[in-house]
Amino acid sequence: MFAGLQIAFSDAIRLDDVVIVENEWGRVEDITLTYLVVHLWDDRRLVIPTAQFMSQPFENWTRRDAALLGTVELDVDWTMPVDEMRDELRRILESTDLWDGRVSVLQVTDATHTLVRVRALVSAVDAGTLWDLRCLVREQLVRWVRGKHPYAVPRLRAEQVPSTPARRVEDSAPDHDARVFGDSVDGLVREHAFNGPGKA
């Protein structure tokens, strides 16, 4: 009951706030003195005792404002023209009502052996709209890469090295026998020393 009063007076969470708790994402549907109900994104209800809820960290996505930022990441080939991809992201965002017009950023965030990681940062009015926007941007960018720049689709590179004929021993060896245990005087002495007196 004390935890319920704490929720009521702390303003940490309110009805209709979008939260992530217990690794689940949903909207606060009901708050009582003894329990809290979160309406999850897949229409399940998560009922949490208020004492348990207040004793663990949780994310509140709408405490001050419902507007959010989200990312879409793609791995592409080094040959991808990033400026053109940035223009395409802007075109995609301007063609949909899901975007709130605040943020449209595309940056290269990593460059490893064979891939370049590109991150698009976009904004929407709330969490549900942001999810749909991220899915739309990802789908449209994948379609654009495949259609306009198929050479930039990630692939494994291999370099074929021309084979050289194996050199024969007689081609590479000098005129005298340079083996450690060979037919030279030194080689025969060493061979006799390591093989023992029993070898002829």
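This report walks through the fold of a predicted model, from its overall layout to a few individual residues.

**Overall layout**

The protein contains 6 helices and 8 strands. Following the chain from its start, these elements come in the pattern α-β-β-β-β-α-β-β-α-β-β-α-α-α. Of the 200 residues, 28% are buried. Among contacts with a separation of 6 or more, 57% join residues that are 24 or more positions apart. The exposed surface comes to about 13,500 Å², and carbon and sulfur atoms supply 54% of that area.

**The five-stranded sheet**

Let us begin with the sheet. Five strands make an open sheet in the order β4-β3-β2-β1-β5, with antiparallel pairing. The edges are held by β4 (45-49) and β5 (59-60); each has a single partner strand, so one side of each is left without a neighbour in the sheet. As a general reminder, strands of a sheet pair through backbone hydrogen bonds.

Three of the pairings can be set side by side, each with a pair of residues that stand opposite one another.

| Strand pair | Bridges | Residues standing opposite |
|---|---|---|
| β3 (residues 35-40) and β4, antiparallel | 5 bridges | His39 and Arg45 |
| β1 (residues 18-21) and β2 (residues 24-31), antiparallel | 4 bridges | Val18 and Arg27 |
| β1 and β5, antiparallel | 2 bridges | Ile20 and Glu59 |

Two loops of this sheet deserve a look at their backbone angles. In general, most residues other than glycine have a negative phi. β1 and β2 form a hairpin with 2 residues between them, and Glu22 in the turn has a positive phi of about 55 degrees. Asn23 is also found in the loop between β1 and β2. Although Asn23 is not a glycine, its phi is positive, at about 60 degrees. Is Asn23 buried or exposed? With a relative accessibility of 79%, Asn23 counts as exposed.

The loop between β3 and β4 holds Asp43. Asp43 is not a glycine either, yet it has a positive phi of about 75 degrees. Asp43 counts as exposed too, at 54% relative accessibility.

**Helix α3 and its two sides**

Further along the chain comes helix α3 (residues 82-94), with 13 residues. From first C-alpha to last, α3 reaches 19 Å, close to the 18 Å expected at 1.5 Å a residue. Which residues of α3 are buried? They are Val82, Met85, Glu88, Leu89, Ile92 and Leu93. Seen down the helix axis, these buried residues fall within an arc of 135 degrees, so they line one face of α3. On the other side of the helix, Asp83, Asp87 and Glu94 are exposed.

What do the buried residues of α3 pack against? Their partners are β6 (68-76), β7 (104-111), β8 (116-124) and α4 (127-148).

**Two nonpolar cores**

In soluble globular proteins, nonpolar side chains tend to be buried together. Here the largest nonpolar core has 26 residues, and Met85 and Val137 are those with the most contacts inside it. At least two residues of this core come from each of β6, α3, β8 and α4. The biggest contribution is that of α4, which gives 7 residues.

Met85, on the buried face of α3, is a good place to look into this core. Setting aside residues up to four places away in sequence, Met85 touches Leu74, Val76, Met80, Leu106, Val118, Leu141, Trp144 and Val145. Apart from this core lies another, of 9 residues, among them Ile13, Val38, Leu40 and Ile48.

**A loop residue after α4**

The last stop is Val153, in the loop between α4 and α5 (169-172). Val153 is partly exposed, with a relative accessible area of 26%. Leaving aside neighbours within four places in sequence, Val153 is in contact with Asp77, Val145 and Arg146. Val145 is also among the residues that Met85 touches. Val153 and Leu115 are 38 residues apart in sequence, and their C-alpha atoms are 9.5 Å apart in space.

How values were computed. Residues numbered from 1 in each chain as written. Predicted model: local features only at pLDDT ≥ 70, side-chain atom pairs only at ≥ 80, totals over all residues. Heavy atoms only, no water. Buried < 20%, exposed > 50% of the residue type's maximum accessible area, 1.4 Å probe, protein only. Contact = heavy atoms within 4.5 Å. Areas by Shrake-Rupley, 256 points an atom, 1.4 Å probe, with all protein chains shown as cover. Pairing = 2+ DSSP bridges. Expected span 1.5 Å × (residues − 1). Arc of directions from axis to C-beta. Core = buried A, V, L, I, M, F, W, Y, C linked by side-chain atoms within 4.5 Å.
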